[in-house]
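Student: Could you take me through this structure and then look closely at one buried part of the chain? I'd like to see how such a part fits into the whole.

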Amino acid sequence: MHVIAVPDLEQSAAYYRQTLGFQIHEIGDPGWRIFTLGQCRIMAGHCPDATPPGETGDHSYFAYITLPQIDSYFDSVRKKGARILKELQDEPWGMREFAIQTGDGHRIMFGQELNPLP
């Protein structure tokens with residue numbers, strides 16, 4: 001599970017749901033939500049006074065999420081308007097991957113193993 005601070009929880013939840021295909025879960029506290037995609041869980045907290053993620057440079061990468069069928073997922077998030085920071089490509093370290101920046105400035109890398117081990 002990842003924990004992130006977001007300046008506008010409702011806006012972030014809408015982005016993760018509509019653009020990235022996450023499910024949004026209420027947890028009984030109005031200042032928190034859990035976003036899920038497969039086995040990935042992101043706990044997002046409403047922190048309007050925190051340093052904006054986009055201002056933290058390379059430290060705004062908070063997750064590397066592996067998924068099957070990376071090509072179709074990439075096509076889906078691109079069509080929904082995700083800000084692509086790194087185009088989908090095969091890497092020498094055996095991953096096919098791409099990166100996005102969320103509406104609130106966090107960055108996520110998505111990848112799929114090219115030759116998964118048995």
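Tutor: Happily! Let's start with how much is hidden: 42% of the 118 residues in the protein chain count as buried. Here buried means a relative accessible area under 20%, exposed means over 50%, and partly exposed is in between, using a 1.4 Å probe and protein chains only. Please keep in mind that this is a predicted model, in which local features need a pLDDT of at least 70 and side-chain atom pairs count only at pLDDT 80 or more, while totals for chains, interfaces and linings use all residues. Residues are numbered from 1 along each chain as its sequence is written, and side-chain values use heavy atoms, with hydrogens and water left out.

How confident was the predictor? The pLDDT, its confidence in each residue from 0 to 100, averages 92 for the protein chain, and 97% of the residues score at least 70. Among the elements, helix α2 (residues 70–79) has the highest mean, 97, and strand β5 (residues 61–66) the lowest, 90.

Now the layout. The chain has two helices and eight strands, arranged along the sequence as β-α-β-β-β-β-α-β-β-β. These elements are DSSP runs numbered from the N terminus: H or I over at least four residues for helices, E over at least two for strands. The C-alpha trace spans about 40 × 30 × 25 Å along its principal axes. The radius of gyration is 14 Å, which agrees with the value near 13 Å that a compact globule of 118 residues would have. That radius is taken over C-alpha atoms, and the globule rule is 2.2 Å times the number of residues to the power 0.38.

For our close look, let's go to Ile108, which sits in strand β8 (residues 107–113). Its relative accessible area is 0%, so Ile108 is buried. What surrounds it? Setting aside neighbours within four places in sequence, Ile108 is in contact with Tyr16, Leu20, Tyr61, Phe62, Ala63, Ile65, Phe98, Ala99, Ile100 and Thr102; contact means heavy atoms within 4.5 Å. One of these partners, Ile65, is 43 residues away in sequence, yet the two C-alpha atoms are 7.5 Å apart. Such long-range pairing also shows up across the chain: among contacts between residues at least 6 apart in sequence, 51% join residues at least 24 apart.

A little before the strand comes Gly105, in the loop between β7 (95–101) and β8. Gly105 also counts as buried, at 7% relative accessibility. Beyond its neighbours within four places in sequence, Gly105 is in contact with Pro53, Gly54 and Ser60. The C-alpha atom of Gly105 is also 7.0 Å from that of Pro52, although 53 residues separate them along the chain.

For contrast, try Gln69, in the loop between β5 and α2. Gln69 is exposed, with a relative accessible area of 59%. Its phi is near 55 degrees, a positive value in a residue other than glycine. Glu10, found in helix α1 (residues 9–18), falls in the middle category: at 49% relative accessible area, Glu10 is partly exposed. Its C-alpha atom is 9.1 Å from that of Arg33, 23 residues away along the chain.

Terms used
pLDDT = per-residue confidence, 0-100.
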